[in-house]
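Reader: I'm new to reading structures, and I'd like to look closely at just one part of this one. Could you walk me through it?

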Amino acid sequence: MRVRYSFSSRRTGHIDNMRKQREKYPALLKKVVTGSDIVLEVIDARFIEESRNERVEEWVKGLGKRLIYVFNKADLVDMKKISKGVLKTLRPHVFVSATERHGGKDLREKIKIEAKKVRVLSGSKFDKINVGVIGQPNSGKSSIINLLIGRSSAGVGSQAGFTKGIQKLRLSEDVLLFDSPGVIPENKYSPDKMESISLDAMIGARSPNKLKDPEMVVAHLFSLHPRVLKKFYGVGNEIIDSEEFIEDVGRKMNFLKKGGVVDEDKTSRKIIQDWQDGKIKV
């Protein structure tokens, strides 16, 4: 398999689109945060540190807003493997699975508790409470909102960047929810760094069909979870590198080009999509 390490040939238009997103989405994010009393940061439970936006967290706290960490996709992770130190630091937090509809009640209770604190601090018992929902692309923000309100009122899409603007939804008579587009943290937003691109793809912040070198993302993923991937696709334990892995998976899926050659690009994108869709559990 021919592996390309250089990203210097990335299309100018793609970079321009990324720059536009960086200008537009942070402005919407600012509106959500400044207009909220409570902020829910939706984080991928499989990659807590990688999918956090620490700069925004500091900003939220600096503004005196209440922050709740929402660990979504909890059904895809072994709870015993999550660092207790991280959980002690990130409080209050709630583990939720939007797809399996678990944790919604606990999250509503957390919101009520924080809402009471807001009212006590503001000296008012009747003010409406605004709850902003933030997180990286494809973290499940809209799914969390739908879980909270019990119906599909927020748009949901598996493609990164599905939500295009702020949505306002009513949770109760005195609580409004604000959804916003996903924003990749500024310090992690890079069109050129392979590690950054791989991590973004792993947490769903980059769509598989928009990746330039999906084979390299699979290589990074394989280096982290070889046993999990080999077990899911039923490939032999004798396979020791990502090239052999992609080759074997491609043949199993019959992703072949002319002459019976494995379509490595198509196979890699399918593996990444399966990972983002939560089919592969760590």
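Reader: Which residue just after α5 takes a positive phi? And please take me through that helix and its surroundings.

Author: Sure! One thing to keep in mind is that this is a predicted model. The residue you're after is G150, which sits just after α5 and has a positive phi of about 80 degrees.

Now step back into the helix itself. α5 covers residues 141–149, and it is mostly covered, with eight of its nine residues buried. Those buried residues are K141, S142, I144, I145, N146, L147, L148 and I149. As you can see, the list has K141, S142 and N146 in it as well as the Ile and Leu residues.

What about the nonpolar ones? In soluble globular proteins, nonpolar side chains tend to be buried together. Here the largest nonpolar core has 23 residues, and I38, L40 and L107 touch the most other members. Several elements give two or more residues to this core: the strands β1 (38–44), β2 (66–72), β4 (129–135) and β6 (175–179), plus the helices α4 and α5. The largest share, five residues, comes from α5.

Let's zoom in on L40, one of the residues with the most core partners. Setting aside residues up to four places away in sequence, L40 touches I68, V70, L107, I111, V131, G132, V133, I134 and L148. So you can find L148, one of the buried residues of α5, right there among the contacts of L40. There is also a second, separate core of 20 residues, and its members include L29, Y69, L90 and F178.

Back to the end of the helix, because G150 has a partner worth finding. R101 lies in the loop between β3 (93–95) and α4 (104–122). If you leave out neighbours within four places in sequence, R101 is in contact with N146, L147 and G150. That puts the glycine with the positive phi on the contact list of R101, together with two buried residues of α5, N146 and L147. To get a feel for the fold here, compare two numbers: R101 and L148 are 47 residues apart in sequence, while their C-alpha atoms are 9.4 Å apart in space.

To retrace the tour, start at G150 with its positive phi, go back along the buried residues of α5, then follow L148 across to L40, and finish at R101 in its loop.

Terms used:
Residues numbered from 1 in each chain as written. Predicted model: local features only at pLDDT ≥ 70, side-chain atom pairs only at ≥ 80, totals over all residues. Heavy atoms only, no water. Helix = DSSP H or I, 4+ residues; strand = E, 2+ residues; numbered from the N terminus. Contact = heavy atoms within 4.5 Å. Core = buried A, V, L, I, M, F, W, Y, C linked by side-chain atoms within 4.5 Å. Buried < 20%, exposed > 50% of the residue type's maximum accessible area, 1.4 Å probe, protein only.
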